[in-house]
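Here is a short tour of one protein model, written for someone who likes to follow along at the bench. Keep the structure open beside you as you read.

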Amino acid sequence: MRAIGLDAFGGPEVLRVLELPEPEAGEGEVRIRVHAAAVNPTDVLLRTGGHAVRMEGIEPPYVPGMDAAGVVDQLGPGVGDRLAVGQPVVALVPFTGPGGGAYAEQIVVPAESVVPGPVGASFAEAATLLMNAATARLALDRLAVPGGGVIAVTGAAGAVGGFAVELAGADGLTVVADASARDRDLVLGLGADRVVERGPGFADRVRELYPAGVPGLVDGSMQTADLLPALADGGAMAELRGWSGPAGRGIRVHPVMVSDVMSDTDLLGGLARLAGSGALTLRVAEVLPWREAARAHRLLEAGGLRGRLVLDFS
């Protein structure tokens, strides 16, 4: 079985083609023939050593990737009848496990992290869903702003931010989001009620619209403390890269880790159904042959993408 991985942390050039033994599904596991794997910022963190503390005790090569779409080709004992061989599925892949991540022709994943793929979506589109949408869903759940309330979203043109805008709208929240001039129509199309200029000064622009501040904020742009003035006293902020404050004024900061919901089958299945219904927009920036993983990482690090890069393993 072929995969893409690395023996030592470094730049994109460390990614290489691997020949690995064909994995077998064990108790409660599913083997998937991968057709598409999304390229996410966490994959770059793995490649550069940002996840080294989580890799202790795991011998290289390391295989990146948390988002896979493909077809079930083996069910392990105890999986039950929720999934079937030949079924198109999407999976959140625990890259810190012994089998590594999603950049492989075949992967073995806990069955609870595998759900039917979105109806009508291609494998490439489906591969862009779970990690980013689950992160957005978890962020909104941590904030717990009641329906009818207002939420701010930064990085709204990005993958997590875009899903946060759509999910917040479906929750009955009013959404004020950031965008560059180039992305204004995109963010409005995702359902934002108000769009303000992105970048420094976002908090001031939110306060112009909501003088008392907003009760919740999803920080998809990692501006951290710079965004605190946008929040009302006692408000809450969801952070995607581990920042936890301090905040002051009774503001709660919630670091959000998608690993907290990797085994939440109901949540993952609900997101797939929303995507299949068109309530969540699946955005593919470009599909590249799997052997071009290094180029995909260079493109991601260069920035400016709208949607996710996807590696084609079909």
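In this predicted model, helix 3 packs against helix 4 through a set of residues that you can pick out by name. From helix 3 come N132, A133, T135, A136, R137 and L140, and they meet A159, V160, F163, A164, L167 and A168 of helix 4. By type, the residues of this contact divide into nine nonpolar, two polar and one charged.

How do the two helices lie relative to each other? Their axes come within 8 Å and cross at roughly 55°. An angle from 35 up to 65 degrees falls between roughly parallel and roughly perpendicular, so helix 3 and helix 4 are oblique to each other. The crossing in which helix 3 passes helix 4 is right-handed.

**Helix 3 on its own**

Helix 3 runs over residues 130-143. Its 14 residues should span 20 Å at 1.5 Å a residue, and because its end C-alpha atoms are 20 Å apart, the model agrees with that expectation. Is this helix mostly covered or mostly open? It is mostly covered, with 12 of its 14 residues buried. The buried residues include N132, A133, T135, A136, R137 and L140, which also take part in the contact with helix 4. L130, M131, A134, L138, A139 and L143 are buried too. Just after the helix, A144 has a positive phi of about 55°.

**Helix 1 and its neighbours**

Helix 1 covers residues 41-48, and its buried residues are T42, D43, V44, L46 and R47. What covers them? The cover includes strand 3 (29-39), helix 3 and helix 8 (293-302). Helix 3 therefore turns up again here, as part of the cover over helix 1.

Helix 8 deserves a closer look. The axes of helix 1 and helix 8 come within 10 Å and cross at roughly 110°. That angle lies in the range of 65 to 115 degrees, so the two helices are roughly perpendicular to each other. Their crossing is left-handed. On the helix 1 side, P41, D43, V44 and R47 make the contact, and they meet H297, L300 and E301 in helix 8. The residues of this contact divide into three nonpolar, one polar and three charged. Just after helix 1, G49 takes a positive phi of about 100°.

**Backbone points worth a look**

Two cis peptide bonds can be found in the loops. One joins P60 and P61, with omega at about 10°, and P61 belongs to the loop between helix 1 and strand 4 (67-75). Another joins G245 and P246, with omega at about 15°. P246 sits in the loop between strand 12 and strand 13 (252-255).

The loop between strand 11 (214-219) and strand 12 (231-239) holds A225, and M222 and T224 lie there as well. Phi of M222 is near 55°, a positive value in a residue other than glycine. T224 also has a positive phi without being glycine, near 45°. A225 is separated from G50 by 22 Å between C-alpha atoms, with their positions 175 residues apart along the chain.

How exposed are these loop residues? Partly exposed means a relative accessible area from 20% to 50%, and the table gives the values, with A68 of strand 4 added as a buried example.

| Residue | Relative accessible area | Class |
|---|---|---|
| M222 | 33% | partly exposed |
| T224 | 23% | partly exposed |
| A225 | 38% | partly exposed |
| A68 | 3% | buried |

**A68 in strand 4**

Why does A68 count as buried? Its relative accessible area is 3%, and buried means under 20%, so A68 falls within that class. Which residues does A68 touch, leaving out those up to four places away in sequence? They are V34, A36, A37, V89, V90, A91, V93, A102 and I107. A68 and F123 are 55 residues apart in sequence, and their C-alpha atoms are 8.6 Å apart in space.

Notes. Residues numbered from 1 in each chain as written. Predicted model: local features only at pLDDT ≥ 70, side-chain atom pairs only at ≥ 80, totals over all residues. Heavy atoms only, no water. Helix = DSSP H or I, 4+ residues; strand = E, 2+ residues; numbered from the N terminus. Buried < 20%, exposed > 50% of the residue type's maximum accessible area, 1.4 Å probe, protein only. Expected span 1.5 Å × (residues − 1). Axes fitted to C-alpha atoms, helices over the stretch in contact; angles between N-to-C directions. Parallel < 35°, antiparallel > 145°, perpendicular 65-115°, else oblique. Left-handed = near helix turned anticlockwise from the far one by under 90°. Contact = heavy atoms within 4.5 Å. Nonpolar A, V, L, I, M, F, W, Y, C, P; charged D, E, K, R; others polar.
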